[in-house]
Amino acid sequence: MATLAANTPEAAADAAPDAVVVRFAGDSGDGMQLTGGQFTLSTALAGNDLATFPDFPAEIRAPQGTLFGVSAFQINFGSREINTAGDAPDVLVAMNPAALKVNLPSLKPGGLVIIDTGEFSKRNLDKAKYDVSPLDDGSLAKWDVLAFDISALTIEAVKPYGLGNKDALRSKNMWTLGLALWMFDRPRGPIEDWLKAKFKSKPDIADANIAALNAGHAYGETAELSGPLKQLHIQPVESAPGLYRTITGAEAISLGLVAGAQLAELPLFFGGYPITPASAILHHLARLKEFGVTTFQAEDEIAAICAAIGASYAGQLGVTSSSGPGIALKTEAMGLAIMTELPLVIVNSQRGGPSTGLPTKTEQSDLYQAVYGRNGDAPMPVVSCSSPGDAFECAIEACRIAVKYMTPVMLLTDGYIANAAEPWMVPDPASYTPFPAKFLAEKNAGDTLLPYKRDTKGARPWIKPGTPGLMHRIGGIEKQVDTGHIDYAPDNHQAMTDARVNKVMGVDVPDQEVSLGDTSGKLVVVGWGSTFGPIRRAVDNSRRKGLDVSHVHVRHIWPLPKNLGALLHSYDNVLVPEMNTGQFKTVLRDQFLVDATPLTKTSGQPFAIAELEAAIGKYFDNVEGNEGGEVAVNDTQLPSPEAEI
Amino acid sequence: MNEMTKIETTLKDWETDQEVRWCPGCGDYAILKAVQRTLPQLGADPSNTVFISGIGCSSRFPYYMETYGFHTIHGRAPAVATGVKLANPDLDIWLVTGDGDGLSIGGNHMMHVLRRNVNMQIMLFNNEIYGLTKGQSSPTSRIGTKSPSTPIGSYDRPANPCAFALGSGARFVARGFDISKKLPEVLVAAHAHQGAAFIEIFQNCIVYNKDVFEAFAVPKGAGDHQLWLEHGEPMLFGDAKTGMDKGIALDVDALELKVVDVADGDWEAAGVLVHDQTNRTIVHMLVEMPFGPFPMALGVLYDDPQPTFESAVIEERAKSAAGKEANLAKLLAKGQTWTVEATEGHPA
């Protein structure tokens, strides 16, 4: 999403495509995520815009060959702006029968499927619940099929390196990658460099993998002569000038937190506990100690946030991170941070719920939890990021609000953003305005210390223990106005509740802008979080069809931008697509008395552009297939494009 | 504790202007005074001292100490304190908790603060009951304790705080009781220990669990029931009249402790053990001694320092950062990058 403007509709299927969707699918042990990651890198280096969608099972090594053990990586890349990982693949690489069965239904009619016949044994067909091999029964007739024994070709290619069959087959993903690189005319150099670095201590393995890569590439050249395989050259996208790299959401959040702490002139303390898909942030930060980062892997989610609160109390920028179930455990401690008015950033990498739910699938269903999910009147700012690159900005914004207003802030991301990669224009840290933290150095009311005396923003002073003469006590019991002493008096609790609410509602949230379209009209599609890509593309496509529809994407979930109510009321209809059962819709209705219509989906898969376009089309009577004019969008769940699996 | 400049203070300097809200006669008052008496002896600096507590009667403690104080949430004080210590290792941290806060809802955090060996003093006030919630049985209540939640007597087996601490890997374990004159000595030793120092303090809840420690924690007949341990000294006890005429010896065949009589002060002949505060095996036996047949082991039971958690964190941070430059611009541009040149249509 680094391009300057969208030029054409997503994944147009003309002769010289400006975008292609490729899905690599195999067993979870086949290294498909690695293949996808390296293909992404080569795509970025080729100057294409791109978006990816890694989709893998929760099991580390699910039983081999099974349907639930299939791991897939989808990439959409092109010579124009790319907003999503693409609805349906043009090319599917299926490394075994299970991968074929799970992924084939989403392949575009006429698309190309590349199949490793070496894995189509009776046993593997049984595991994939195929009675008859799909290679033999004509069921693949509506696609271009390139079926050959990749396994055998890989074994042959790496023979000189003396590996056993089992080890040799591990290079199968590199063979496949080599073929994919040939298909899209990509250089192999960066992958070779990466393999050499990765297997530095095992040069034989590096060489074997490179041999497999080269063999796959060479196969492409040969196959082109006789089969359905054609080499495609996707032109570089026209991007804003600058330095680029690829980035995932987890990396961007980690970097944003480091940047935020620097802008606040504070050391960063990160308390975490392993949980999917949030752990990657802990892993990234653990390697950034030179930036004054302390990472603490706590005994549980509660200890992780409590240690972060302790660090903030002692004068560092405390951060904790988790996913829904872990956030639930941290809830009481969030109340403590609200009561003691200490800065804290809580990152929630949302996943499907409730309970353990869908650990590796994405959902936006923790919005209520973020905005409302605490005991007592416990207001807390909530910021949500809409893409991997945006996660960097949002992490800085969360740090800024936390330090400026002495408050915990929740940063919402999700499993999709955390794992997805996109090209990112490397920002200049000097272009951000610093927000240095201030600590109280002496008594703030003559001879008296008032730990809860508020400034004009409603924030109390930050007082580090160890400061001479400023001893005081804080805690979770209701505080007396100004003094912070224990006080249960009715008037005092009223005053302190009001003070906490007013402080948070007064956070300086920028006015809401229209992401695409006009400031009024027939329909606005309101989104938040990782639905940005599909909504943007669907609205753009619809506008090209002449429909009066605009896109508003909200970053500040709490408090909401002050102009948002008036803005939404300026459209005739408000449609709110969400990967939950309608949570933001409820907040909008509540805050603005706006007739927001939900469009919900909880299949663990992101919205497809086509789904959104269809929903938008129902508001207009000149849309094909939309008989009888305006049709209310239904409240029911949209099916997943892969629901038939 | 930490190396620090000694400050001259008096007991009064450590009192706040807040009204103390414990029940009249509560053992907490005696502990509060013992602590306020100890800190001037240590030369401690109120500005550099932090009391951190969880929830419960004991956890109101910070409000009455003229220091930095953080009254956190139920059971979580060890986790908060760990964050405070890692953020500023120079602070002198005292953790105040109870049997419910520290061993029930916060048992997990207690285990980990001890095994990590975060440098702080941990005072666990054990009154074998939930006081602030009006008298339910706690994880240290003896079997048969009648309470609102166990009207005909509790039936779950109690935890032994010092055994828990040792099992969690604590490097300092001590015992005292609220009205004991020797409590400040124990606190001084805990403060001198570099690392997590666990102190179980028997505390009399006069409302909900009155006098459960009466058998040993009263001046009368104390000698018969209190075994005060001192490093390098024989494990002797006895009442004031007859003198120290009993001792603790090791039954080598059964591999357990036994009480022996000491004639004419010849404890060596009686095989009485000399307390070695670094002998983990014997300390395990001492904390498990059933009271009744045996006296209550008190004082510094175990003191064998190991490197602290915060020193390990600092070391790891230095090692990890060694030779690396903290340049954010370079970090952001790390990995494989490409440059899009300015064109006529898209100037830089």
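Two strands pair if DSSP finds at least two bridges between them. The model shown in these views is predicted.

**View 1. Strand S7 of chain A pairs with S14(B) across the two chains.** S7 of chain A covers residues 242-248. Its pairing with S14(B) is antiparallel and runs over four bridges. One residue to pick out is Leu243(A), whose bridge partner in S14(B) is Thr339(B).

**View 2. Chain B meets chain A through 52 of its residues.** On the other side, 62 residues of chain A take part in these contacts. Several elements of chain B each supply at least two residues to the side that touches chain A. The helices are H2 (77-87), H4 (107-116), H9 (309-321) and H10 (328-332). The strands are S2 (68-71) and S14 (337-340). H2(B) gives the largest share, eight residues. By class, this side of chain B holds 26 nonpolar, 19 polar and seven charged residues.

**View 3. Chain A contains 20 helices and 20 strands.** Along the principal axes, the C-alpha atoms of chain A fill a box of roughly 90 × 65 × 45 Å. The radius of gyration of chain A is 27 Å. A compact globule of 645 residues would have a value near 26 Å, so the two agree.

**View 4. Inside chain A, 56% of the 645 residues count as buried.** Contacts in this chain often link distant parts of the sequence. Take those between residues at least 6 apart in sequence: 75% of them join residues at least 24 apart.

Technical notes: Residues numbered from 1 in each chain as written. Chains lettered and ligands numbered in written order. Predicted model: local features only at pLDDT ≥ 70, side-chain atom pairs only at ≥ 80, totals over all residues. Rg over C-alpha atoms; globule rule 2.2 N^0.38 Å. Buried ≥ 20, exposed ≤ 12 C-beta atoms within 10 Å, placed from the backbone. Contact = placed C-beta atoms within 7 Å. Nonpolar A, V, L, I, M, F, W, Y, C, P; charged D, E, K, R; others polar.
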